[in-house]
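Visitor: Could you take me through one part of this protein up close? I'd like to know what sits inside, what sits outside and what holds on to what.

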Amino acid sequence: MQISEAADVTGVSARALRYYEAEGLIVSGRCANGFRDYCPSTIDRVLVIRGLLESGLPVRLIRELLPHLSDGSVGSDEVCPEFLAEVQNHRDRLAARIAILSGQQEALDAFLRRARPTGS
């Protein structure tokens, strides 16, 4: 499947597919004319990468995790403790950012409640 088809199927832009390849996250075959050719297993891998990116995991951690994934999941006995600690630290940083954003949202909500005319 060529890059435009792979982009349509995965919902990832052609530019992102080229980026994933440049970062070593995926490997594409090449057609006789030099165009990229994506096999079904690469498409599946792109979907896993997309999900990991959407969860907030950075590319550098995804690159370390991908070799351990076979069916989109990973067992704890397959990943070194240092990597798990990095993922936990990333998760903790996200939780802290969420707490800050939640506080800001609550402050804005309180402002809007006070600023809106009553009875409208």
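Guide: Let's start with threonine 10, which is buried, with a relative accessible area of just 1%. You'll find threonine 10 in helix 1. Leaving aside its neighbours within four places in sequence, threonine 10 is in contact with Ile43, Val46, Leu47 and Arg50. Keep in mind that this is a predicted model. The mean pLDDT of the protein is 88, and 90% of the residues reach 70 or more. Confidence is highest in helix 2, at 95, and lowest in helix 4 (residues 59-65), at a mean of 89.

So helix 2 is a good place to zoom in. Helix 2 covers residues 14-22, and its buried residues are Ala16, Leu17, Tyr20 and Glu21. These sit on the same side of helix 2, because they cover an arc of only 140° around the axis. There's a general rule behind this kind of pattern: an α-helix has 3.6 residues a turn, so residues three or four places apart point the same way. Now flip to the face of helix 2 turned away from the buried side, and you meet the exposed residues Arg15 and Ala22.

What covers the buried residues? The cover includes helix 1 (3-10), strand 1 (29-30), strand 2 (36-37) and helix 3 (40-54). Just look at tyrosine 20: apart from neighbours within four places in sequence, tyrosine 20 is in contact with Val12, Leu25, Ile26, Val46, Ile49, Arg50 and Leu53. After helix 2 comes glycine 24, whose phi is positive, near 80°.

Tyr20 also belongs to the largest nonpolar core, which has 22 residues. Those with the most contacts inside this core are Leu17, Tyr20, Leu25, Ile26, Tyr38, Ile49 and Ile62. Helix 1, helix 2, helix 3 and helix 4 are the elements that give two or more residues to the core. In soluble globular proteins, nonpolar side chains tend to be buried together.

Next up, the charged residues. Side chains of opposite charge can pair when their charged atoms come close. The count here comes to six salt bridges. One of them brings us back to helix 2: the side chains of glutamate 21 and arginine 36 meet at 2.7 Å, N to O. Glutamate 21 is in helix 2 and arginine 36 in strand 2, so this pair ties together parts that are 15 residues apart in sequence. Arginine 36 counts as partly exposed, at 22% relative accessibility, while Glu21 is among the buried residues of helix 2. There's a network of salt bridges here too, linking Glu21, Arg30 and Arg36.

Remember Arg50, from the contacts of threonine 10? Arginine 50 forms a salt bridge with glutamate 54, their closest N and O atoms being 3.2 Å apart. Both lie in helix 3, four residues apart, which separates them by about one helical turn. Arginine 50 is partly exposed, at 31% relative accessible area, and glutamate 54 is exposed, at 60%.

One last pair: the side chains of arginine 60 and glutamate 86 meet in a salt bridge at 2.4 Å, N to O. With arginine 60 in helix 4 and glutamate 86 in helix 5 (residues 81-115), the pair ties together parts 26 residues apart in sequence. Arginine 60 is partly exposed, at 41% relative accessibility, and glutamate 86 is partly exposed at 29%.

Terms used: Residues numbered from 1 in each chain as written. Heavy atoms only, no water. Buried < 20%, exposed > 50% of the residue type's maximum accessible area, 1.4 Å probe, protein only. Arc of directions from axis to C-beta. Contact = heavy atoms within 4.5 Å. pLDDT = per-residue confidence, 0-100. Core = buried A, V, L, I, M, F, W, Y, C linked by side-chain atoms within 4.5 Å. Salt bridge = Lys/Arg side-chain N within 4 Å of Asp/Glu carboxyl O.
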